[in-house]
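This report describes one protein model, from its overall architecture down to selected residues. Aromatic pairs, cysteines, one helix and unusual backbone angles are taken up in turn.

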Amino acid sequence: MFNRFVWQYLFAFIFIVYVLVSYSAYDEIVASIIRFVGFCCVIVGVIGRLYATIFIGGMKNEGTDGTHFIDYGAYSLCRNPLYFFSFIAFIGLVALKAQLSLIIIAVIFYLWVYHYTIKGEENFLGSKFGSKYEEFLAKTSRFFPKFKGFYVPYEIKMRPEFFHKELKRSINWFLGAFALLLVEILHQGEFLPNLLKVY
């Protein structure tokens with residue numbers, strides 16, 4: 001079975017080492033624009049994850065009652081909104097290094113890892129929910145949202161415990177962003193080595 005966490009931890013280790021020794025080759029104005037866009041992506045990703053969690057929190061594998069999976073709200077936009085908004089936030093974090101080549105590598109890495117993760121989850125949910133889930137697969141985008149068919153019922157079942165957990169995770173996204181920005185300031189002041197200047 002594909003384990004995305006092994007690859008995530010490996011990427012995280014390499015990324016941390018790389019962050020400490022590399023710096024953007026772009027001039028400061030261009031680099032600042034890229035970082036600003038990156039930070040905006042982190043905000044969008046965090047808000048999107050919170051929105052998706054309202055609908056799915058704690059009900060990812062068993063649905064609302066064990067027989068009905070979530071197909072409304074954020075999950076009528078795409079089948080994996082949590083992963084999509086994590087992608088936005090993750091690319092935003094990487095963009096804080098202001099290196100286009102690093103952003104491209106991160107996009108390829110994320111989409112590769114989550115392709116297999118999503119396939120595994122779809123196989124599990126398909127075996128559990130049968131033809132209804134197959135219909136959901138056919139009409140709903142796997143990853144990138146499509147607003148056609150967006151639907152939110154008048155009332156939904158929500159588990160606040162999981163929303164509160166996601167709020168705590170949100171803090172980690174912003175701590176990561178501020179840590180990366182601090183590293184960039186240390187690079188500017190040459191308190192950290194600029195061994196690699198990368199576009």
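Read from the N terminus, the elements of the protein follow the order α-β-α-α-α-α-α-α-β. The model is predicted. In total there are 7 helices and 2 strands.

**Overall dimensions and packing**

Along the principal axes, the C-alpha atoms occupy a box of roughly 60 × 35 × 30 Å. The protein has 199 residues, of which 43% count as buried. Its accessible surface amounts to about 11,400 Å², and carbon and sulfur atoms contribute 70% of that area. Among contacts with a separation of 6 or more, 82% are between residues 24 or more positions apart.

**Aromatic pairs**

Searching the whole structure yields 22 aromatic pairs. One of them joins F11 and F109: the ring centres are 4.4 Å apart and the planes stand at 20 degrees, so this pair is stacked. Planes under 30 degrees apart are what the stacked class requires. The pair connects distant parts of the chain, with F11 in helix α1 (residues 4-21) and F109 in helix α5 (residues 100-129), 98 residues apart. F11 is buried at 14% relative accessibility, and F109 is buried at 16%.

A further pair is formed by F69 and Y133, whose ring centres are 5.2 Å apart with planes at 85 degrees; the pair is therefore edge-to-face. F69 belongs to the loop between α2 (28-56) and α3 (74-77), while Y133 belongs to helix α6 (residues 131-139), so the pair ties together parts 64 residues apart in sequence. F69 counts as buried at 13% relative accessibility, as does Y133 at 4%.

Both F11 and F109 also belong to one aromatic cluster, whose other members are F15, Y83, F84, F85, F87, F90, Y110, Y114, F143 and F144.

**Cysteines**

How many disulfides does a search of the whole structure find? The search returns 0 disulfides. For C41, the nearest cysteine sulfur is that of C40, at 7.1 Å. A disulfide would need the two sulfur atoms within 2.5 Å. C41 is partly exposed, with a relative accessible area of 25%. C78 is likewise in no disulfide; its nearest cysteine sulfur, that of C41, is 16 Å away. C78 counts as buried, at 1% relative accessibility.

**Helix α2 and T53**

Helix α2 contains 29 residues, for which a rise of 1.5 Å a residue gives an expected span of 42 Å; the end C-alpha atoms are 41 Å apart, which agrees. At the N-terminal end of α2, D27 acts as a cap: one of its side-chain oxygens lies 3.1 Å from the backbone nitrogen of I29.

T53 is located in helix α2 and is buried, with 5% relative accessibility. A polar atom of the T53 side chain lies 2.7 Å from the backbone oxygen of R49. Leaving aside residues up to four places away in sequence, T53 touches L82, F162, F163 and E166. From T53 to C40 the C-alpha to C-alpha distance is 20 Å, for a sequence separation of 13 residues.

**Positive phi angles outside glycine**

Which backbone angle sets A98 and E190 apart for discussion here? Phi of A98 is positive, near 55 degrees, although the residue is not a glycine. E190, also not a glycine, has a positive phi of about 60 degrees. A98 lies in the loop between α4 (81-95) and α5, and E190 lies in the loop between α7 (160-188) and β2 (196-198). The two residues fall into opposite accessibility classes: A98 is buried, with a relative accessible area of 0%, whereas E190 is exposed, at 64%.

**Accessibility of selected residues**

The table collects the relative accessible areas of several residues discussed above.

| Residue | Relative accessible area | Class |
|---|---|---|
| F11 | 14% | buried |
| F109 | 16% | buried |
| F69 | 13% | buried |
| Y133 | 4% | buried |
| C41 | 25% | partly exposed |
| C78 | 1% | buried |
| T53 | 5% | buried |
| A98 | 0% | buried |
| E190 | 64% | exposed |

The limit for buried is under 20% relative accessible area, and exposed begins over 50%. C41 is therefore partly exposed at 25%.

Note on methods
Residues numbered from 1 in each chain as written. Predicted model: local features only at pLDDT ≥ 70, side-chain atom pairs only at ≥ 80, totals over all residues. Heavy atoms only, no water. Phe/Tyr/Trp six-rings, centres within 6.5 Å; stacked < 30°, edge-to-face > 60°. Helix = DSSP H or I, 4+ residues; strand = E, 2+ residues; numbered from the N terminus. Buried < 20%, exposed > 50% of the residue type's maximum accessible area, 1.4 Å probe, protein only. Contact = heavy atoms within 4.5 Å. Polar contact = N/O pair within 3.5 Å; in protein donor to acceptor, adjacent residues only side chain to side chain. Expected span 1.5 Å × (residues − 1). Areas by Shrake-Rupley, 256 points an atom, 1.4 Å probe, with all protein chains shown as cover.
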